[in-house]
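Please work through the following exercises with the sequence and the model at hand. Each task is followed by a solution in steps.

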Amino acid sequence: MEKAKKYIEENKDRFIEELFGLIRIPSVSSKSEHKADMHRATEYIKKSLLEAGADMAEVIPTEGHPVVYAEKIINPSLPVVMVYGHYDVQPAEPLELWKSPPFEPEIREGKIWGRGADDDKGQLFMHVKALEYMVKTGTLPCNIKFMIEGEEEIGSPNLGKFCQANAGKLKCDVILVSDTSMIGQDVPSITTGLRGLSYLEVEVTGPNRDLHSGLYGGAVANPVNVLAKMIASLTDENNRITIPGFYDDVLDVKPEERQEMAKAPFDAEKYKNDLDVEELTGEAGYTTMERTGIRPSLDVNGIWGGYTGEGAKTILPSTAHAKISMRLVPNQKSKKIDDLFKKHFESIAPPGVRVRARVLHGGEGYVSPVDHPAYRAASRAYEDTFGKKPIPFRSGGSIPIISLFEKVLDVKSILMGFGLESDAIHSPNENYPLWNFYKGIQTIPLFYGYYVQENPAG
Ligand code: BES
Ligand code: MN
Ligand code: MN
């Protein structure tokens, strides 16, 4: 470990400069104007992997954004670890809320600031640098592959097919992912659960044009009023989701397991302070950690319709829209939830409007096994570098492709994330502490060492 620390210390400025080069490329997957940037990002990562010591690296086109694949095979009889990460980022808007421009990374207060600093450029780059360290020092103990995609933030629409088509190339014993967070800098933890997702856009249509709200108000159904009522009815007074059948496949977590989970430290005051909210609310009968970790949820992500410009305009709008996401727990199937939602939403539409719901994307949740050799290896690695045994915990976020890896490649993933809640991923002023970045580079090589011990045959 001392050797890794020394290597990082001697090279840390270069590591940051190289990571900055990647963050400077605005690889926003959801916007077609960034198509060329997506290619630039893949070439950048390919070059970084080759410089770090990969035997080969290539950019593979898909119907969407390309994938970077690389490998270093030291001995075919040894296990193969495949690193997964994503080079695409969320849009940076609203730009005016950033203290420094999102694609001009800089260091302040010991943190890297920029879109993708954590999610997932900063985190995937730890693996590139860990590879470099292991190759330069001759300590890579097994085979390693990299698959870095560019469509995670839009639901990985092409990666399932990519995995199917390249199953031979992607053959591995375990997938290693740094795209999650820890409970705190001093509370090392390993994510053992991710939620699934159903994401739909709904449209309520009333009259064939915007109407004068004086001449027509009170006599014609107003789509915005209607949509607000419909959305409000989707949860009850206990914050339970009212869609019939919604909870049918939710597995109840056993009381003993809930007790175990409750041991993870959670500071409600700090959580509230960080967010400037006075109270935390959610499904009755569950703690905050349970509400995000083991229970499903429903949220409006955006809502629009009618006049939203300067000043007042007296109209009764013709249409109203909303984007609605449901976070699902393992065993719920997003396709089934999509169908239940659509059916229910259409059924509660009052007379005088038409309602349409369409699926944007989704995916299944995931539970990672704590009795897997790679989990044990990860746990031992964190324990070495943090001086404490990491706590397994279930995160509320989603990485839908992880459950597909299991289905298509029949391989488990281990979620060795080093992010923090305060990293503001998807928000303005995304950041990643240098401490976490270096800690990751230090911890990852230890994982490989322990993994080969725990699973010598591969
Ligand atoms: N890295 C995140 C997911 C995440 C973050 C999981 C922190 C656990 C802890 C990922 O990039 C992400 O944002 N996923 C999306 C899903 C996707 C289909 C848009 C999400 O969770 O909203
Ligand atoms: Mn991510
Ligand atoms: Mn993300």
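**Exercise 1. A helix on strands**

Across which strands does helix H9 lie, and at about what angle does it run to E9?

Solution. Helix H9, residues 334–347, lies across E9, E13 and E14. Its direction makes about 25° with E9. Helices here (H or I, at least four residues) and strands (E, at least two) are DSSP runs, numbered from the N terminus. Axes are lines fitted to C-alpha atoms, for helices over the stretch in contact, and angles run from 0 to 180 degrees between N-to-C directions.

Before continuing, note the conventions: this is a predicted model in which local features need pLDDT of at least 70 and side-chain atom pairs count only at pLDDT 80 or more, while totals for chains, interfaces and linings use all residues. Residues are numbered from 1 along each chain as its sequence is written, chains are lettered from A and ligands numbered from 1 in the order in which they are written, and side-chain values use heavy atoms, with hydrogens and water left out.

**Exercise 2. The sheet**

Determine the strand order of the open sheet of 4 strands, and its edges.

Solution. Step 1: the order is E11-E13-E9-E14, with antiparallel pairing. Two strands pair if DSSP finds at least two bridges between them. Step 2: strand E11 (297–305) and strand E14 (354–363) each pair on one side only and are the edge strands. Step 3: on average, neighbouring strands of this sheet are turned by 20° against each other, direction ignored. Step 4: helix H5 (residues 223–232) packs on the sheet and touches E9, E11, strand E13 (319–328) and E14, its direction making about 15° with that of E13. Contact means heavy atoms within 4.5 Å. Step 5: strand E9 (residues 196–205) is joined to E14 by 9 bridges, and Ser198 stands opposite Gly362 in E14.

**Exercise 3. The manganese ion (ligand 3)**

Identify the protein donors of the manganese ion (ligand 3) and explain why the arrangement is irregular.

Solution. Step 1: Asp119 (OD), Glu153 (OE), Glu153 (OE) and His426 (NE2) are the protein donors, 2.1 to 2.6 Å from the ion. Donors are N, O and S atoms within 2.8 Å of the metal (3.2 Å for Na, K and Ca); water is not among the atoms, so sites may look incomplete. Step 2: the 6 donor atoms subtend angles of 55 to 153°, and the arrangement is therefore irregular. Four donors count as tetrahedral if all angles lie between 85 and 135 degrees; four count as square planar and six as octahedral if opposite donors are over 155 degrees apart and all others between 65 and 115; anything else is irregular. Step 3: along the chain, the spacing is D-x33-E-x272-H. Step 4: Glu153 is buried, at 13% relative accessible area, whereas His426 is partly exposed at 41%. Buried means under 20% relative accessible area, exposed over 50%, partly exposed in between (1.4 Å probe, protein chains only).

**Exercise 4. The second ion**

Which residue bridges the manganese ion (ligand 2) and the manganese ion (ligand 3)?

Solution. Step 1: the protein donors of the manganese ion (ligand 2) are His86 (NE2), Asp119 (OD), Asp179 (OD) and Asp179 (OD), at 2.0 to 2.5 Å. Step 2: Asp119 bridges this ion and the manganese ion (ligand 3), and the two ions lie 3.5 Å apart. Step 3: His86 and Asp119 are both buried.
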